[in-house]
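Work through the exercises below with the sequence and the structure side by side. Try each task before reading its solution.

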Amino acid sequence: MNKKLYQTVIDYINSQINSGDLTIGDLIPSESQLSKLLNVSIGTVRKAIDKLEHNKVLYRHHGKGTYISDYGFDNSIFNFFSYGNQTGSSIRIYKTTPIRKKVKATSEISFQLGINQGDDVIYLERRGYIDKKNPIIIEKSWWVADVVEGLQKPSLHIPDLLYAVIFKEFDTQINSSEEVLTAGIADDETAKILHINKGDPVVILNRHSYAKDKGLVEFRITTGRADMFSYTTTIGTPQT
């Protein structure tokens with residue numbers, strides 16, 4: 001019996017997971033990318049993704065893309081926030097982590113995390129891309145080191161969804177956050193990374209994240225290009 005075309009897509013995604021090229025929290029290629037790569041129709045790709053989502057191998061986040069999931073992963077974290085373009089439409093953002101290290105908490109970071117100045121924290125600096133070429137956001141986050149010791153190791157893969165690895169590797173489930181959205185202007189460093197001019201407008205999102213049974217564990221500052229960034233949230237349940 002000939003193998004069904006959608007099985008080709010399933011086999012490819014499973015092979016990427018088994019090889020470690022994709023892991024929990026990673027954004028898989030878009031439907032159009034998979035269609036071209038595997039020489040199948042968009043409909044075939046969607047059918048494969050439907051089946052993998054049904055089996056909880058994948059998780060679709062509307063407008064954002066499809067991610068590697070697993071049975072124990074709490075998908076509610078997808079609802080914390082949604083970046084988008086200037087029109088408000090959600091966009092797929094791929095992330096890299098060029099900087100990760102253990103540092104001593106400054107007075108500002110110790111205040112934000114409710115710890116002592118000089119305590120160990122894990123610092124991550126991430127870049128978010130829509131085209132894998134030019135970043136549109138910069139994420140700087142500081143974690144209580146006792147909670148995520150080892151996150152700074154280069155050998156640990158950090159997926160597009162950071163909280164997936166926090167849950168899987170450190171048994172820490174992020175279940176709530178507080179966010180403040182402000183506007184600002186790009187300094188020299190930010191302008192260079194985001195390929196904009198110094199003084200151009202940027203959007204700044206400060207976040208405090210809390211983990212189940214562990215309290216405040218992360219302070220994060222996300223800076224995004226104002227011309228390629230919007231913030232969408234929902235309060236309550238919209239009436240339809």
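**Exercise 1: The chain as a whole**

Residues 24 or more positions apart account for 60% of the contacts in the protein chain with a separation of 6 or more. The model is a predicted one.

Task: state how many helices and strands the protein chain has, and what percentage of its residues count as buried.

Solution. Begin with the secondary structure, which comes to seven helices and ten strands. Then turn to burial, where 46% of the 240 residues of the protein chain count as buried.

**Exercise 2: Two helices in contact**

Task: find the angle at which helix 2 and helix 3 pack, and describe their contact.

Solution. Locate helix 2 at residues 31-38 and helix 3 at residues 42-54; the two pack at an angle of about 110°, and their axes are 9 Å apart. Since angles of 65 to 115 degrees count as roughly perpendicular, helix 2 is roughly perpendicular to helix 3. The crossing of these two helices is right-handed. Next, list the residues that make the contact: helix 2 supplies Glu31, Ser32, Leu34 and Ser35, while helix 3 supplies Ile42, Val45, Arg46 and Ile49. Sorted by class, the contact of helix 2 with helix 3 has four nonpolar, two polar and two charged residues.

**Exercise 3: The nonpolar cores**

Task: identify which residues have the most contacts inside the largest nonpolar core, and which element gives the largest share of that core.

Solution. The largest nonpolar core has 25 residues, and those with the most contacts inside it are Trp143, Val148, Leu151, Leu162 and Ile166. Elements that give two or more residues to this core include strand 5 (120-129), strand 6 (135-144) and helix 6 (162-170). The largest share, five residues, comes from helix 6. Looking closely at Ile166, and leaving aside its neighbours within four places in sequence, one finds it in contact with Trp143, Val148, Leu151, Asp171 and Thr172. Apart from the largest core lies another core, of 15 residues, among them Ile49, Leu52, Leu58 and Ile68.

**Exercise 4: The setting of Phe219**

Task: decide whether Phe219 is buried or exposed, and describe what surrounds it.

Solution. First place Phe219, which is in strand 9. Its relative accessible area is 3%, and because buried means under 20%, Phe219 is buried. Leaving aside neighbours within four places in sequence, Phe219 has contacts that include Ile109, Leu113, Trp142 and His208. Finally, compare positions along the chain with positions in space: Phe219 and Tyr123 are 96 residues apart along the chain, and their C-alpha atoms are separated by 9.8 Å.

How values were computed. Residues are numbered from 1 along each chain as its sequence is written. This is a predicted model: local features need pLDDT of at least 70, side-chain atom pairs count only at pLDDT 80 or more; totals for chains, interfaces and linings use all residues. Side-chain values use heavy atoms; hydrogens and water are left out. Axes are lines fitted to C-alpha atoms, for helices over the stretch in contact, and angles run from 0 to 180 degrees between N-to-C directions. Helices (H or I, at least four residues) and strands (E, at least two) are DSSP runs, numbered from the N terminus. Angles under 35 degrees count as roughly parallel, over 145 as roughly antiparallel, 65 to 115 as roughly perpendicular and the rest as oblique. A crossing is left-handed if the near helix is turned anticlockwise from the far one by less than a right angle, and right-handed if clockwise. Contact means heavy atoms within 4.5 Å. Ala, Val, Leu, Ile, Met, Phe, Trp, Tyr, Cys and Pro count as nonpolar, Asp, Glu, Lys and Arg as charged, and the others, Gly among them, as polar. A nonpolar core is a set of buried Ala, Val, Leu, Ile, Met, Phe, Trp, Tyr and Cys residues joined through side-chain atoms within 4.5 Å. Buried means under 20% relative accessible area, exposed over 50%, partly exposed in between (1.4 Å probe, protein chains only).
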